[in-house]
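Work through the following exercises with the model in view, and try each task before reading its solution.

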Amino acid sequence: MLVLAGTRGAAAAEPDKGPCTEDAMIVFDASGSMSGDGWGYGSESAGSVPRIDKVRTAMREILPSVTRFRRVGLITYGSGAWNQCSIRLDLKPTPNAADRIMAAIDALRPAGRTPLTDAVAQAAEVLDFRHKPGLIVVLTDGEETCGGSPCSTSEKLHAEANQLTINVIGLRVKNYAWMGDQGIIDAKCLAEKNGGQYLPVDTLAGLREALEKTLGCPMVTEATSNSPTRANR
């Protein structure tokens, strides 16, 4: 009886967390290629809207709802200095962080290279991934160009992690092929070895859906959509 009472007391003191509440880090590609035309030649935005602006539009729509449920932070790479492997921690996981994240993303100037591996590894460290669950969502239109090994790093993170999920959203560009087979394999390695998904997108609608799927909370969304109030509207 004493054991049961003690167990109940501990449970009352430490209630289970709800779904989708682990801290998250966004790893955002601001390399030079992100200044390219929308989704490439033949797309609806060719010659008019830089690719990074497409991503900004989707992020601005999705982040407010996502950041209601979890603390979110931001790491960016490639901004500012031309052809450099620069990485910057813009924000550690923070409650209601949508406005701060968008301010940092709006200030990016795509110019550099793609240190994808090191950026993901730094995001994991920010999440204290060895000691608690965490989520990383990578948005990139390219492949590692700074000498890192995404597959080796993904295996190391998986071996050391408490519970780390990495999702990679690959911004596919129509009629361009600079991201070859190895780049896609590397991006998939980062995700699939750490319980996540590699999601290729080449439309704004697809990007919105991928962000909701990877950063959002499907369980909460489903419960809300199936509630009697919404069903009767």
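The exercises below treat confidence, the sheet, the cores and one helix in turn.

This is a predicted model, in which local features need pLDDT of at least 70 and side-chain atom pairs count only at pLDDT 80 or more, while totals for chains, interfaces and linings use all residues. Residues are numbered from 1 along each chain as its sequence is written, and side-chain values use heavy atoms, with hydrogens and water left out.

**Exercise 1.** Determine over which residues the pLDDT stays under 50.

Solution. Begin with the average pLDDT (the predictor's confidence in each residue, from 0 to 100), which is 83 for the protein, with 77% of the residues scoring at least 70. Next, note that residues 1-15 stay under 50 and have 0 contacts (heavy atoms within 4.5 Å) beyond four places in sequence. Residues 41-46 are also below 50, yet this stretch has 13 contacts beyond near neighbours in sequence. Where pLDDT is low, the predicted coordinates should not be read in detail.

**Exercise 2.** Establish the strand order of the open sheet and identify which strands stand at its edges.

Solution. Strands (DSSP E runs of at least two residues; helices are H or I runs of at least four, both numbered from the N terminus) pair if DSSP finds at least two bridges between them. The 6 strands then follow the order 3-2-1-4-5-6, with mixed pairing. Strand 3 (87-94) and strand 6 each have a single partner strand, so one side of each lacks a neighbour in the sheet. Within the sheet, strand 1 and strand 2 run parallel and are joined by 6 bridges, and valine 27 has isoleucine 75 of strand 2 as its bridge partner.

**Exercise 3.** Find which residues have the most contacts inside the largest nonpolar core, and which element supplies its largest share.

Solution. A nonpolar core is a set of buried Ala, Val, Leu, Ile, Met, Phe, Trp, Tyr and Cys residues joined through side-chain atoms within 4.5 Å, where buried means under 20% relative accessible area (1.4 Å probe, protein chains only), exposed over 50%, and partly exposed in between. The largest such core has 35 residues, and Ile26, Leu139 and Leu207 have the most contacts inside it. Its largest share, 7 residues, comes from helix 2. Isoleucine 26 touches, among others, Met59, Leu63, Ile75 and Leu139.

**Exercise 4.** Explain why the buried residues of helix 4 line one face of the helix.

Solution. In helix 4 (residues 116-126), the buried residues include Leu116, Val120 and Ala124. Seen down the axis, the buried residues fall within an arc of 165° (taken from the directions from the helix axis to the C-beta atoms), so they line one face.
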